[in-house]
Amino acid sequence: MSEAKEISPVEKPESATIAAKDRDDSVASEMDGRDSRIAELEKAPMLDPEKGRVEKSDASSPETPAAAKKEEKNKAADAAAFAFCFVGLQVSYLTWGFVQEKVMTKEYTTGKFPSATFCVFSNRVLAIVVAMAAMGIQHRSLKIPAPFYAFAPCSISNTLSSYGQYEALHYVSFGLQTLSKSTKVIPVMLMGKLLNKKSYKWIEYVEALMISFGVSLFSFSEKSAPGDDKTTELLGYAMIALYIGADSFTSQWQTKVYKAHPGVDQFQMMFGVNTWSILFTLAALLASGELWTTIAFLKLNPAAFMDNVTIAITSATGQLFIFYTIKRFGPVAFTIIMTTRQIFSMVISNFAFGHSLGISGWAAASVVFATLFYRVYRSAKSRKG
């Protein structure tokens, strides 16, 4: 499944659903989503903002130890739940990223994996199974309270985004691909203004420029591999641009669907988008002949089959952890986890696949991650205010 489109909690946490990869990054791009836990606290009766707890009408001393014990128990439960989310997201997406790079860059017994489109297709098949199961449990029906065609535009963009993400690894390093996801904030802002008439503060434009500067510096710091030429590099940048642009459209179009059809939830969105994606990718595989080529390749290379299954499973589990984390702790906590995941992914990729990253490369990555963490801090501060 694609990174986990990684999805943006900004409008609705559900938009993270579709692109697994991709879901980690979208959510990080916008930070004005609603934290359900905060909303519940705001609705609590007789909340004393100075003491940070609910006042009881009869605060007799015998109740105080019990209340303190209950509060400590709740904190311990929250800490355990956060650790569960952190580990779940890290394991899911670190595994997903590692195997994704392996599939697209390494040689199997009979050669390299032949089709990025098939990777997208196989991920969508498992995603739709998960969506159907969730809809059956939650709604006991596969009906969607929105026209089926409403999901087609963001399905096309989501499919193109996933394809660009996989295909880029044929031409550029995993580190550059990972950092480039951070620049998605720029097209997301542009799409937000065009599709949803959103406005942004000047500091958000400054952050976007700083991220772009860091990614540009990182790309210049990389050493081309022997045999690489400018055409190959340009193809890699084109695939990254396709990924970023299409993914930015996906999150904003999903927001339009949610606003136009408030009854749609994240699992119904997941079902609608992935149904279209399966149709699109299957048609592309049949038209190009890659379906039969890839099936034959998988028969000769069982390791490639297991790698594809691993990508699909970790992408699906990652999406479920995305939903739970945002619902329980909000988009800010989710963004912190996913930003640290990007750092871990780059370190693992460097050691596992022998990438060399000099001082200028690490400096550029530091600029990007420092800006991302500042965005998280600023968002958390504004929410408390």
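**Exercise 1. Find the residues that touch the most other members of the largest nonpolar core, then find the helices that supply this core.**

Solution. Start with the term: a nonpolar core is a set of buried Ala, Val, Leu, Ile, Met, Phe, Trp, Tyr and Cys residues joined through side-chain atoms within 4.5 Å. Buried means under 20% relative accessible area, exposed over 50%, and partly exposed in between, with a 1.4 Å probe and protein chains only.

Step 1: the largest core has 51 residues, and L89, V103, F113, F151 and Y166 touch the most other members.
Step 2: at least two residues each come from α3 (63-105), α4 (116-138), α5 (152-168), α9 (230-260), α10 (266-288), α11 (290-300), α12 (302-329) and α13.
Step 3: α4 provides the largest share, 11 residues.
Step 4: a second, separate core holds 22 residues, including F218, Y243, M346 and A365.

A word on the source: this is a predicted model, in which local features need pLDDT of at least 70 and side-chain atom pairs count only at pLDDT 80 or more, while totals for chains, interfaces and linings use all residues. Residues are numbered from 1 along each chain as its sequence is written, and side-chain values use heavy atoms, with hydrogens and water left out.

**Exercise 2. Place these cores in the whole chain: how many helices and strands does the protein chain have?**

Solution. Helices (H or I, at least four residues) and strands (E, at least two) are DSSP runs, numbered from the N terminus.

Step 1: the protein chain has 14 helices and two strands.
Step 2: 51% of its 385 residues count as buried.
Step 3: look at one helix, α7 (residues 185-196), where V185, P187, V188, M189, G192 and N196 are buried.
Step 4: just after α7 comes K197, with a positive phi of about 55 degrees.

**Exercise 3. Is F344 buried, partly exposed or exposed?**

Solution. Step 1: find F344 in helix α13 (residues 331-352).
Step 2: F344 counts as partly exposed because its relative accessibility is 38%.

**Exercise 4. Which residues line the second largest cavity?**

Solution. On a 1 Å grid over the protein atoms alone, a cavity is a set of points where a 1.4 Å probe fits but cannot get out; lining residues have an atom within 4 Å of a point.

Step 1: the lining consists of L94, G97, F98, E101, F174, S345, I348, S349 and F353.
Step 2: α3 and α13 each supply at least two of these lining residues.
Step 3: α3 gives the most, with four residues.

Definitions and conventions. 1 Å grid on protein atoms, 1.4 Å probe; cavity = no way out; pocket = protein on both sides within 12 Å on 5 of 7 lines; lining within 4 Å.
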